[in-house]
Structures are given as structure tokens and as C-alpha cells.
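This report covers one protein chain: its overall dimensions, one of its pockets and two of its residues. The sequence and structure are shown first.

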Amino acid sequence: MFGLEALDLARIQFAFTISFHILFPAITIGLASYLAVLEGLWLKTHNDTYRDLYHFWSKIFAVNFGMGVVSGLVMAYQFGTNWSRFSDFAGSVTGPLLTYEVLTAFFLEAGFLGVMLFGWNKVGRGLHFFATVMVAIGTLISTFWILASNSWMQTPQGFEIVNGQVIPTDWLAIIFNPSFPYRLMHMATAAFVATAFFVGSSAAWHLLRGKDNPAIRKMLSMAMWMALIVAPIQAVIGDFHGLNTLKHQPAKIAAIEGHWENKGNEATPLILFGWPDMKEEKTRFAVEIPYLGSLILTHSLDKQVPALKEFPPEDRPNSTIVFWSFRVMVGLGMLMIFTGLWSLWLRKHDTLYTSRPFLYLALWMGPSGLIAILAGWFTTEIGRQPWVVYGLMRTADASSNHSFMQMSITLILFVVVYFALFGAGLGYMMRLVRKGPKIDEGKETNDGGPGQKRTPARPLSAADDDHADAGQSLTKEI
């Protein structure tokens, strides 16, 4: 079917599940830190706007956190079901790293999540703020371990191979492998930027519909400050990450650039647009800027960038895909920087909250951070091919021995279930966003004690107070 084999379906299945999953941790990381900032500002300034925003976004955080946990469990099982030979080869490294993530980050988040979601009127303000900060730190620790594992697959260090299996010899070298610091900073910053535009888009939606209050304005203001400051920083981190990739994975850079061969001692041009043809070994319809490729990738005007023809055909990543996924990521990044700069200009002219062209841009930029994350993830993972552990194990040697029919059935089931389950979850989360923050919704009430209202100890229940009240009213009428 379409020339695909069981291996291709296994890769598509993993790409599909990780594409769903990565959206939730990205927003979780950003929202957790955003909530910690909101509560900290409320404690410092006693401005109830920050409190109202905290309660609004904590509901969305709860839904997002729950979907992230569920989607992550599925991915973990796939290592054993679809990629058993990879698990047998490298499980002594990836297994402990994922275990450390559970023992440190997940336990930390789980331990304080209940206090954060349900303890507002039941514990002291200091303790509640401490719980929120611990959850935020937990999301960052989780990012640390996940990126350590994935970065080791990109730039493996600190091991030896005995009887066809990876044996760890230096855990510090494994964790702090050459690409890890750059990838960790790049992903964490991407999560903050994606969350900023998600929050900013929510505020723009309400302002365009005439719902203008201090909480909505504060949402937009904080989001645009984050975009203005962090988006340019992300571009700098991306530059350092690119230099690191050029050193350790030159074939990936050649594929990203659609660069097939060097001519004499000429500097490498930058191909802005084109269509890399893997069969013809050239980039069709190329629009080039002389010297700029060398300047960006080597920070010089005379050094050359490695070309795809310098690598055997079986060792080349699919340039057609990574060429365009990289440009989607960079293009959206430039739009984010532009949006931040425009917001600064409007802020100086006192029109940030009333400029409809800008508000429409902020609205449509809402999913830009998440799309950029997906595009960057595709660039990273497809650019690593044909290796699952770079230079050590090929993807073709890593998959389980499943038939084409088995992989087809499971892929179809995943698509149906994911769109039904997570589609409903995302739809519900968007309904919460459309409601907007309620003024004084964080006002202290008596929610505990004998004979008083009790909050069920389920994370997702923190998001649906209105539906619960509606259900009680309907019961009384019946």
C-alpha cells in the first residue's frame, strides 16, 4: 500500500503518537511556570487580577496535564511493542533515564499537584505557592530527563558495546552528551514561547469580541512581554544548536540546507526555497543567496558546509522533508519576533489593546508555537535518519518483527482513538478558554469540613466547577 512496509508504518505510528503527546507537555511546562509567576505576583502585590488569572489557567492546566500523562504512557509502551530490538540494544541507557524522570519529576508533580489544584482554601498561602513552584520545577526536571535520553540517541557518549548491547560506562557523559545542553534550552524555551502565544491568542480573542477587563489585558500584556524577550533569545539558542549539529551531525545540516555539493573553494550559498530531489540528487527551483549559508552555519564567508553527496546515499536523511520542516519552524520564529516588536510599538502608543490588525495577528499566532515545535521535532528526528542511535544502530534494525497487516490495524486504531479522545479533550479545553477568567473566582469560600462542599480528588475535576453546579441544579428540578 503506497509502497510502505511494516517499518514505515511503525515509524508513522510513533510519529503520530509523539506529535499528539508533545503538544501537551509543551503547554504544561509553560503554564506551570506561568501559574507560579501569577501566584507570586498576587502574593507580592495583592492585585486580585493575578489571582483571577491563576484560577482560570489552573483549570486549563489540569485538563492539559491529564491528557499529557495519558498520551505519554502510550509512547512508553511502544518502545517494547514496536521497537523491541532498540530496547534490547539501548535499554540499559534509555530505561534508567526514563526511570529517573518518573522518580524525580513525576513523583514531584504528583505529590504537589493535589495541593496546587484543590488546596487554595485548605492550606496556607505560602504552602500553596510552594506547591505551585514545585509542580513547575517538576515539569522542567521532566524535560531534563526526556531530553537527556533523546539527546543521547542523537550524540551517544559514555558507553561501550558488549555482546551487541550498549553498556553504560560514564553516566555523566551519557546525560551531558554534546547536544544535550542546546537541545534542553531550545525545547524549554520553545515551550515558554508556545505558551505565551497561546495565552496571548486567548486574550486577543476576548478583546476582539468586546470583553475588555483588567484580567484580559494583563493576559495579553504578559504574553507579549514574553514574546518580545524570549523569541529573540530562542533564535540565538537555535544558532548555537545549529553549530553543534554541524559538528556532530553534518549530514543533517546538509539535508536541512538542501545542499548537495560544494564547488571548488566557493562559499556555501543559502537556499531560501526549493525542492530537494533525493533521486536526482539536486534541489530544484532553488532560490539562493550567495555566501549566506557559510555565514550563518560557520560564521565565516569562506568556509564550506558539508554537502549531501559527501555521504553515501544510504546514510542521507530525507532532505525533502527536513528542508521544509526547518523553514516552517524558522519562518514562524521570525513571525513571533515580529509580533513581539509590533506589540512594543503599540504599547508605546497606548494602542496595544485596541489595534484590531494586531489583535487578529495575535489570535492567528496562537498555535504558531506548537506548530513550530512539531516542525522542529520533525527536523530533529527525521534528520537523524537512517539512524535510531546515531552512528550505532539503524532504524531498520531497531523495529520489532511485526507484519504489515498488524501495523496497519494498530495505526488505524491509534488514529481513530486519538482523534476521538484527544479531540474531545482539546475541544473541552478550548471551551474553557472561550469562557475567559471570572472576576473574583478565587474568592475564599468554605469548601471543606463536615457538611460542607467537598472537591473530588481528581485532577480533571478542577476544570469543571460550572458543569458540576449545573448538574446539581438539574437534579433539584427533577
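## Overall dimensions

For 478 residues, a compact globule would be expected to have a radius of gyration near 23 Å; the chain has 24 Å and therefore agrees with that expectation. The model is a predicted one. Its C-alpha trace spans about 75 × 55 × 45 Å along the principal axes of the chain.

The secondary structure of the chain consists of 14 helices and six strands. Of the contacts between residues at least 6 apart in sequence, 78% link residues at least 24 apart.

## Burial and surface

Buried residues account for 49% of the 478 residues in the chain. The chain exposes about 22,600 Å², and 66% of this area is supplied by carbon and sulfur atoms.

## The second largest pocket

Empty space is revealed by rolling a probe the size of a water molecule over the atoms. The second largest pocket has a volume of about 1,300 Å³. Its lining comprises 46 residues, of which His186, Gly238, Phe326, Met329 and Val330 are the closest to the pocket centre. Two or more lining residues come from each of these elements: α4 (125-154), α6 (180-208), α7 (214-248), α8 (250-257), β3 (270-277), α9 (292-298), α10 (319-348) and α12 (368-384).

Sorted by class, the lining of the second largest pocket contains 25 nonpolar, 16 polar and five charged residues.

## Phe197

Phe197 lies in helix α6, one of the elements that contribute two or more residues to the lining of the second largest pocket. The relative accessible area of Phe197 is 0%, so this residue is buried.

Which residues does Phe197 touch, not counting those up to four places away in sequence? They are Ala227, Met336, Thr339, Met365, Gly366 and Ser368. Ala227 is 30 residues from Phe197 along the chain, and the C-alpha atoms of the two are separated by 7.3 Å.

## Thr17

Thr17 belongs to helix α1, which covers residues 6-45. Is Thr17 buried or exposed? Buried residues are those under 20% relative accessible area; Thr17 has 0% relative accessibility and therefore counts as buried.

Apart from neighbours within four places in sequence, Thr17 is in contact with Val74, Met75, Gln78, Phe414 and Tyr418.

Technical notes
Residues are numbered from 1 along each chain as its sequence is written. This is a predicted model: local features need pLDDT of at least 70, side-chain atom pairs count only at pLDDT 80 or more; totals for chains, interfaces and linings use all residues. Side-chain values use heavy atoms; hydrogens and water are left out. Helices (H or I, at least four residues) and strands (E, at least two) are DSSP runs, numbered from the N terminus. Buried means under 20% relative accessible area, exposed over 50%, partly exposed in between (1.4 Å probe, protein chains only). Contact means heavy atoms within 4.5 Å. On a 1 Å grid over the protein atoms alone, a cavity is a set of points where a 1.4 Å probe fits but cannot get out, and a pocket is an open set with protein on both sides within 12 Å along at least five of seven lines; lining residues have an atom within 4 Å of a point. Grid points are joined across faces, edges and corners, and a volume is the space filled by probe spheres set on the points. Ala, Val, Leu, Ile, Met, Phe, Trp, Tyr, Cys and Pro count as nonpolar, Asp, Glu, Lys and Arg as charged, and the others, Gly among them, as polar. The radius of gyration is taken over C-alpha atoms; the globule rule is 2.2 Å times the number of residues to the power 0.38. Accessible areas come from the Shrake-Rupley method with a 1.4 Å probe; for residues, only the protein chains shown count as cover.
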